[in-house]
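Trainee: I am new to this structure and would like a close look at a single part of it. Please start from one residue and lead me from there to the part you find worth reading slowly.

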Amino acid sequence: MGYRNAGEILPVEVIELIQQYVDGENIYIPRRSENRQKWGSQTRITQELSDRNKRIYADFCSGMAPAQLGKKYYLSVKSIQRIIRNMKA
């Protein structure tokens, strides 16, 4: 997300209207819903997390306890339990 000066891209009337609500502050203008991308779509993180969760579930099925898995994968026991629950479903 980059910073752009509104004075360089918006008409004066629009700036004056926005200034009635926010004057001199930074605001975030969200993307249109049809232009939104899924989280992680520009990186491989979703695939990496999916692979990690499969390994966690496989380790659980082979007998490792959630506390052991938490230490192995540097996650809380609650996170491990959530991953196992989601993988079962």
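Mentor: Isoleucine 9 lies in helix H1, which runs over residues 6-9, and you should keep in mind from the start that this is a predicted model. With a relative accessibility of 43%, isoleucine 9 counts as partly exposed, and together with Leu10 and Val14 it makes a nonpolar surface patch of about 200 Å².

From here we can move to another helix. The C-alpha atom of isoleucine 9 is separated by 53 Å from that of alanine 58, a residue 49 places away along the chain. Alanine 58 is found in helix H3, and at 42% relative accessibility alanine 58, too, is classed as partly exposed.

Helix H3 is the part to read slowly. It comprises the 17 residues 45-61, which at 1.5 Å a residue should span 24 Å, and the C-alpha atoms at its ends are indeed 24 Å apart, so the expected and the computed length agree. Within H3, the residues Arg52, Asn53, Ile56 and Asp59 are buried. Looking down the axis of H3, one finds these buried residues within an arc of 120°, and therefore they line one face of the helix. The cover over the buried residues of H3 includes helix H4 (66-73) and helix H5 (77-88). Just after H3 comes glycine 63, whose phi is positive, at about 115°.

Among the buried residues of H3, aspartate 59 deserves particular attention. Its relative accessible area is 15%, and because buried means under 20%, aspartate 59 counts as buried. If its neighbours within four places in sequence are left aside, aspartate 59 is in contact with Met64, Leu69, Lys72 and Tyr73. With one of these, lysine 72, the side chain of aspartate 59 forms a salt bridge, with 2.9 Å from N to O. This pair links distant parts of the chain, since aspartate 59 belongs to helix H3 and lysine 72 to helix H4, 13 residues apart. A search of the whole structure finds 1 salt bridge. The two partners differ in their surroundings: aspartate 59 is buried at 15%, whereas lysine 72, at 44% relative accessibility, counts as partly exposed.

Following the chain onward from helix H4, we reach tyrosine 74, which lies in the loop between H4 and H5. Most residues other than glycine have a negative phi. Tyrosine 74, although it is not a glycine, has a positive phi of about 60°. At 77% relative accessibility, tyrosine 74 counts as exposed.

Beyond that loop is H5, whose 12 residues reach 16 Å from the first C-alpha to the last, close to the 16 Å expected at 1.5 Å a residue. Its buried residues are Ser79, Ile80, Ile83 and Ile84. They cover an arc of only 135° around the axis, which puts them on the same side of H5. On the other side of H5, by contrast, Lys78, Arg85 and Lys88 are exposed. The buried residues of H5 pack against H3 and H4, and this brings us back to the helix we read slowly, where H4 and H5 are among the elements that cover the buried residues of H3.

Definitions and conventions
Residues numbered from 1 in each chain as written. Predicted model: local features only at pLDDT ≥ 70, side-chain atom pairs only at ≥ 80, totals over all residues. Heavy atoms only, no water. Helix = DSSP H or I, 4+ residues; strand = E, 2+ residues; numbered from the N terminus. Expected span 1.5 Å × (residues − 1). Buried < 20%, exposed > 50% of the residue type's maximum accessible area, 1.4 Å probe, protein only. Arc of directions from axis to C-beta. Contact = heavy atoms within 4.5 Å. Patch = residues over 30% accessible without salt bridge, like charges linked within 9 Å, V, L, I, M, F, W, Y side chains within 5 Å. Areas by Shrake-Rupley, 256 points an atom, 1.4 Å probe, with all protein chains shown as cover. Salt bridge = Lys/Arg side-chain N within 4 Å of Asp/Glu carboxyl O.
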